[in-house]
Amino acid sequence: MSSQFVSQQRKTLFGPAHFYKRALLIALPVMGQLLIQNMVSLIDNFMVAGLGDVKMSGVNIAGQVNFIFLVFVNALCISGGIFMSQYNGAKNGEGMQQAFKFKLIITLVAGTIYTCLCLFFSRPLLSLMVHGNTASQEIVEEGIRYIRFLAPSWIPAVIATCIGTSLREIGRVRPPLLISVTATGVNTFFNWVLIYGNLGAPQLETAGAAIATVMARVVEMTIFLLYLKNRRPPFVFRIVEVFRVKWGLFLTILRKSGLILISEMSWVISETVTTALYNSRGGAEVVSGMAAGFAIANLFFVCFNGIGTATGVILGGTLGANKLDEARRQKNWLLSGSLVFGLFGTAMGCLTVFVVPLVFGNLSPSAQAVTRGLVLLNAAYMPTWAFINAQFAISRTGGDAMLGAMVDLVVNTFMVIPGMVLLTKLTSLGPVALYGIIKLTDAAKITGCAIGLKKERWVRNLTDS
């Protein structure tokens with residue numbers, strides 16, 4: 001009788017109200033933090049848009065290259081976060097410290113390398129993003145200026161990211177939100193001062209936007225470090241102990257990160273190739289219009305991070321406490337909840353289309369048309385993407401990084417990139433239509449993940465090893 005009851009519980013699609021209340025209490029502050037950051041990003045885009053299509057396009061292509069690095073850092077933090085969440089569930093402070101050391105060491109190395117790339121190799125990086133665009137030379141020059149001024153931000157950015165993600169993984173979601181509010185306020189104020197030269201400051205245009213971001217990231221890092229000093233969360237260690245690492249565990253996390261990096265980087269490379277191809281469908285109006293569309297779409301994309309964090313904290317804690325049957329039930333509840341969450345994202349996304357003429361009125365009419373189309377397209381895909389993010393988060397939380405790596409690698413390598421190249425060469429479709437058609441390949445990702453999750457390689461307590 002009890003085994004039958006457990007079997008029925010596993011098949012339950014939706015969990016009790018208190019489960020979703022707990023998930024929302026974790027997810028909403030994370031979403032709030034990112035929403036504030038993305039609102040500021042939207043304000044940044046609004047301010048830069050006032051400088052015209054070319055200058056906004058220059059900032060955008062720099063942002064696309066920066067996005068690759070940020071995804072890379074995020075993948076490294078996810079790897080450490082898998083172990084952080086489970087060690088937190090097992091109440092293992094030393095394990096949490098080792099996971100945090102992994103994040104800090106590996107991302108500081110990555111941040112140092114990328115800072116050098118931005119300073120000395122920005123031209124070839126940015127030129128790839130607008131190959132075939134009719135205004136490529138002017139756009140690249142603006143992008144180089146922006147990315148070089150932004151380069152000093154990457155070291156403080158990775159330190160803040162390591163601390164912020166670690167706090168969220170142990171359930172302390174409010175401090176990163178409050179710190180983010182402060183940092184983004186600094187960014188907004190100095191954007192206003194430096195882009196247009198207010199309060200007697202020089203008018204630095206795109207360089208001013210970069211300098212404001214550097215200042216904000218230094219402030220963010222400083223507040224996070226002060227928080228660690230005063231509140232001493234369980235993953236904190238003395239700085240002299242930074243290299244006292246359990247190298248066996250370090251290498252285990254690194255192997256997991258390798259698989260997650262394959263997944264994330266295959267996705268971001270496919271996104272970058274897709275971006276470069278649709279950027280070839282015209283001039284600066286295409287680059288700026290698509291950039292504006294994603295700036296608005298990022299307002300409702302925040303739900304993906306909420307889903308990932310809530311899954312990591314709840315499911316990671318359950319697995320770390322060795323409650324494997326309960327984890328199986330929670331998997332179904334999280335998947336169903338993410339789908340409903342995605343539908344709310346669709347509604348929110350459709351409403352944001354009314355923001356376009358208010359925020360991006362300085363862009364050309366053709367750029368605004370591209371923006372509106374992209375916003376509505378992204379809104380339509382929200383349930384699909386929310387469900388995929390939940391599938392990936394579940395598999396990674398249980399240590400099955402191979403699933404996401406294989407699904408992303410196969411679909412992106414053999415479907416997305418070749419499909420986008422063929423669509424670009426064989427059709428005259430516009431950028432929004434190209435993007436919308438190629439995203440139909442996400443159905444293959446859902447199918448692959450569903451098959452992998454049924455095998456239950458993710459149902460593991462990693463703290464036992």
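**A polar contact, a core and a pocket**

Good morning. In this predicted model, a polar atom of the Thr 318 side chain lies 2.9 Å from the backbone oxygen of Ile 314. Residue numbers start from 1 along each chain as its sequence is written, and side-chain values use heavy atoms, with hydrogens and water left out. Local features need pLDDT of at least 70, side-chain atom pairs count only at pLDDT 80 or more, and totals for chains, interfaces and linings use all residues.

Thr 318 belongs to helix 11, a helix being a DSSP run of H or I with at least four residues, numbered from the N terminus. Thr 318 is buried, at 6% relative accessible area; buried means under 20% with a 1.4 Å probe, protein chains only. Setting aside neighbours within four places in sequence, Thr 318 is in contact (heavy atoms within 4.5 Å) with Lys 323, Glu 326, Ala 327 and Gln 330.

I turn to the core. The largest nonpolar core, a set of buried Ala, Val, Leu, Ile, Met, Phe, Trp, Tyr and Cys residues joined through side-chain atoms within 4.5 Å, has 139 residues, and Phe 100 and Phe 235 touch the most other members. Helix 11, residues 284-320, provides the largest share of this core, 21 residues.

Finally, the pocket: an open set of points on a 1 Å grid over the protein atoms alone, with protein on both sides within 12 Å along at least five of seven lines; lining residues have an atom within 4 Å of a point. Which helix gives the most to the lining of the largest pocket? Helix 10 does, with 6 residues.

Technical notes. Helix = DSSP H or I, 4+ residues; strand = E, 2+ residues; numbered from the N terminus. Buried < 20%, exposed > 50% of the residue type's maximum accessible area, 1.4 Å probe, protein only. Polar contact = N/O pair within 3.5 Å; in protein donor to acceptor, adjacent residues only side chain to side chain.
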